[in-house]
Amino acid sequence: MRRRATFRDEAVSYAAVGATAAPDVLAYPPRGFRASSTSWHIGSGEQRFEWCEENLLSWRMIDAAGFRLEHVERSTEGGYAGAGATAFHTNTTTGEAVYAADGRGFITPGDVVTLLWGRTGKRRERHFRVVAVTRELNVVSVSLGTLDQQPFVGEFLIGIEYRNDDTVWSRVIQVVAPGSSRWSRLLFPLVLLVLSRVRGRIARGL
């Protein structure tokens with residue numbers, strides 16, 4: 001079995017770091033947060049799983065979902081200091097350079113990514129930190145935590161699974177809460193509706 005899982009909890013805009021990894025988070029999200037999940041059948045076979053794994057770990061899933069990857073700030077060697085090992089993730093050495101076939105660097109814990117989303121001419125920036133990367137024999141996932149305060153804060157887990165029936169599935173879990181401003185709280189139901197569509201686009205884009 002291959003496994004590399006890391007976890008950090010510094011410099012994000014929410015307290016419930018690692019919540020997306022909890023097995024019961026959909027039923028029991030952290031107080032003040034809303035948890036949702038979207039799954040999608042994205043193919044079959046080991047080759048498909050390996051292609052999707054590279055697609056996920058090289059950020060191409062962002063392109064496929066219709067977002068623009070504006071900038072990636074690589075983590076310094078050793079990642080960024082955090083709480084260390086948790087019940088869901090185990091620390092390991094960070095800073096190793098791994099590349100996809102097209103030369104794109106793989107995601108590493110501690111990376112900061114700037115994404116543009118929205119319609120052309122009205123695109124907005126959002127900043128996320130990679131708080132976890134997990135690679136197991138048949139499961140690969142990346143967790144992104146918000147660095148911005150508005151209009152929502154929280155975490156997204158984007159993963160793929162190669163099941164025993166030879167099918168490949170994607171899964172996107174979000175655990176989010178409204179930002180601190182009054183308008184963020186008022187508009188939170190609308191934000192949740194938008195995020196449900198975002199989850200679907202990412203899940204299908206993998």
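The following paragraphs describe the nonpolar cores, salt bridges and aromatic contacts of a predicted model. Residues are numbered from 1 along each chain as its sequence is written, and side-chain values use heavy atoms, with hydrogens and water left out. Because the model is predicted, local features need pLDDT of at least 70 and side-chain atom pairs count only at pLDDT 80 or more, whereas totals for chains, interfaces and linings use all residues.

The largest nonpolar core (a set of buried Ala, Val, Leu, Ile, Met, Phe, Trp, Tyr and Cys residues joined through side-chain atoms within 4.5 Å) holds 36 residues, of which Leu56, Trp59, Met61, Ile158 and Ile160 touch the most other members. Buried here means under 20% relative accessible area, exposed over 50%, and partly exposed in between, with a 1.4 Å probe and protein chains only. Among the elements that each supply at least two residues of this core are helix H1 (46–57), strand E5 (124–135), strand E7 (152–162) and helix H4 (188–205), with H4 giving the most, seven residues; helices (H or I, at least four residues) and strands (E, at least two) are DSSP runs numbered from the N terminus. Apart from this core lies another, of 15 residues, among them Val17, Ala19, Val153 and Ile173.

Four salt bridges are present in the structure, each defined by a side-chain nitrogen of Lys or Arg within 4 Å of a carboxyl oxygen of Asp or Glu. In one of them, the side chains of Arg126 and Asp148 meet at 3.0 Å, N to O; this pair links distant parts of the chain, with Arg126 in strand E5 and Asp148 in the loop between E6 and E7, 22 residues apart. Both Arg126 and Asp148 are buried. By contrast, Glu161 and Arg163, whose side chains meet at 3.5 Å, N to O, are partly exposed, with 33% relative accessibility for Glu161 and 33% for Arg163.

The structure also holds three aromatic pairs, in which rings of Phe, Tyr and Trp (its six-membered ring) have centres within 6.5 Å, planes under 30 degrees apart counting as stacked, over 60 as edge-to-face and the rest as tilted. The rings of Phe128 and Phe156 are edge-to-face, because their centres lie 6.2 Å apart with planes at 75°. Ring pairs link Phe128, Phe152 and Phe156 into a cluster. The charged end of Arg126 sits over the ring of Phe152, 4.4 Å from its centre, the cut-offs being NZ of Lys or CZ of Arg within 6 Å of the ring centre and within 35 degrees of the ring normal.
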